[in-house]
Amino acid sequence: MERKMEENVRDVDTGSEAGREEALVGNVNKLMVTPTGYTGVSRKSHLVFDACFESGNLGRVDCISEFEFDLFIRPDTCNPRFRVWFNFTVENVQETQRVIFNIVNFSKTKSLYRDGMSPVVKSTSRPKWQRLPAKNVYYYRCPDHRRNYVMSFAFCFDREDDVYQFAYCYPYTYTRLQHYLDSLERRNLDYLQREQLGLSVQQRRLDLLTITSPAQQNPEKQKKLVVLTARVHPGESPASFICQGVIDFLVSQHPVAVILRDHVIFKIVPMLNPDGVYLGNYRCSLMGFDLNRHWQEPSPWVHPTLHAVKQLIVQLSQDTKVGLEFYIDVHAHSTMMNGFMYGNVFEEEERVQRQAVFPRLLCQNAPDFSFSNTSFNRDVVKAGTGRRFLGGLLDDMSYCYTLEVSFYSYMAAGSTAPVPYTEDTYMNLGRNVARTFLDYYKHNNFIDDKKPQTTNPINSTEVLSQGQQGNGIGNEKTSGGERGAERKNLGLKDKTTRHQAAPQHTGNTSPV
């Protein structure tokens, strides 16, 4: 059946009709979409779309019929190449109203939507994000859109007074980060320092956290240093949950965290691209640059956040009292499952083997981390990334990794079906990354084996209870399991933790 393209969209505030192409310049703003030829007073079921909020993205809406809508992602600012992230609200719904939404202009063809991934949804009365049922999501080449790939999902609104919000993945906004860091700062921990490393083009904070015991700050003391960054690509929101999991663990009173603070300095930049995150971009900064291709020569005015972080790392690397041992940049991956790492290629076989130690240990700690997916390369296209640039800059005792995590799911041991990630399981991967540093330093005899250690799993409730109340993150259930032979050889007998609660679906999502 031929589809009729409908242009009858109306601005709720002004009542004026919105042009089709102009809407792609910015986000839709309280845009009411009415059926073909309708001229009367607006009523319930005339959906109102909005993306004019932090991290929002929806550039245009076409009404195909009373129950079907084509939705267009707004491209990254100043860069039309990238159209992946979406985040918008729908209101003025009618109870039991069923719709099909088609996201029609993805810039990527490969997608985890082929493998069961689905958008996330929440509503006013159910504010916890949930994934839509995979059976209601379809990813296919569409002849009506020049055979481009389209992701369609069916949804049934079940509460008239609710505002519904849909997104590509769980959003983690710049404001959420600021509230989180403010709450940490209010705790006045003597082993946590927050400072403003710089400002973005739009004058947003570039935060730097330093986590270590006060004794480690002695200028005469030799120091081990770990640097971690996240959200250089703004649409990769899982990176922020992992980063928060790392921070939560390192500032907790867990015995492993205490030992790490006594031996290592952690410097963490939680959001390298705050403007891109705020604007709802997928990959680029305000000025349309993929910052993770500009590490070689970042401009202080075009790429100010990247320039500030590079200056910091270069300065630290030149300090003879500092051993900068790790740089880890956290990302999310749109086509692969599990967590995994990218590393660099070296000529010396010993260095190659040493570089593989940390991801091998992380694989033993985290049930969702895959060493088999981990790879080491020197792709020319990636020369401007943090991992590649710093891998060539730092000495041969430094290890630079990109930590990737799936936007969708992981394969648990013994399972034949993928387990969808939640906000909690992303953060749990971050906690497992943090605790793996103890394993690494014990393996290298830097931390004395006689130091006290726990034989219990990480208590997520203990970690989360310190300064996180009220942020919508629930406690996790944990389950143990004996480590493999490699863990036993390292003398580590503790058990892993894993979130097991399945999300509850929001609303009635029966297919139309």
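Which residues are linked in a network of salt bridges? In this predicted model, the network joins D182, E185, R194, R205 and D207. A search of the whole structure finds 13 salt bridges.

One of these pairs is formed by E423 and R176, whose side chains meet at 3.7 Å, N to O. E423 belongs to helix α8 (residues 423–443) and R176 to helix α1 (residues 174–186), so the salt bridge ties together parts that are 247 residues apart in sequence. E423 has a relative accessibility of 9% and therefore counts as buried.

A salt bridge also connects E325 with K224. Their closest N and O atoms are 2.8 Å apart. Here the partners come from strands: E325 lies in β17 and K224 in β15 (residues 223–230), so parts 101 residues apart in sequence are tied together. The two partners fall into separate accessibility classes. E325, at 12% relative accessibility, counts as buried. K224, at 22%, counts as partly exposed; the cut-off for buried is under 20%.

The side chains of D290 and R283 form a further salt bridge, with an N to O distance of 2.8 Å. D290 is buried, with a relative accessible area of 11%. R283 also counts as buried, at 14% relative accessibility.

What, then, is the nearest side chain of opposite charge to D329, a buried residue with no salt bridge? That side chain is R293, 8.1 Å away. The distance lies outside the salt-bridge criterion, which requires a side-chain nitrogen within 4 Å of a carboxyl oxygen. D329 is part of strand β17 (residues 322–333), the strand that also holds E325. The side chain of D329 does make a polar contact, at 2.7 Å, with the side chain of T229.

Empty space inside the model was examined next. Rolling a probe the size of a water molecule over the atoms shows where such space is left. The search of the whole structure finds 8 cavities of 30 Å³ or more. The largest cavity has a volume of about 100 Å³. Its lining comprises 14 residues, of which V201, D275, S285, P304 and T305 are the closest to the centre. Two elements, α4 (274–279) and α5 (304–317), each give two or more residues to this lining. By class, the lining of the largest cavity has 8 nonpolar residues, 5 polar residues and 1 charged residue. D275 is one of the lining residues, and Asp counts as charged.

Conventions:
Residues are numbered from 1 along each chain as its sequence is written. This is a predicted model: local features need pLDDT of at least 70, side-chain atom pairs count only at pLDDT 80 or more; totals for chains, interfaces and linings use all residues. Side-chain values use heavy atoms; hydrogens and water are left out. On a 1 Å grid over the protein atoms alone, a cavity is a set of points where a 1.4 Å probe fits but cannot get out, and a pocket is an open set with protein on both sides within 12 Å along at least five of seven lines; lining residues have an atom within 4 Å of a point. Grid points are joined across faces, edges and corners, and a volume is the space filled by probe spheres set on the points. Helices (H or I, at least four residues) and strands (E, at least two) are DSSP runs, numbered from the N terminus. Buried means under 20% relative accessible area, exposed over 50%, partly exposed in between (1.4 Å probe, protein chains only). Lys and Arg count as positive and Asp and Glu as negative; His and the chain ends are not counted. A polar contact is a pair of N or O atoms within 3.5 Å; within protein, one must be able to donate a hydrogen and the other to accept it, and residues adjacent in sequence count only if both atoms are side-chain atoms.
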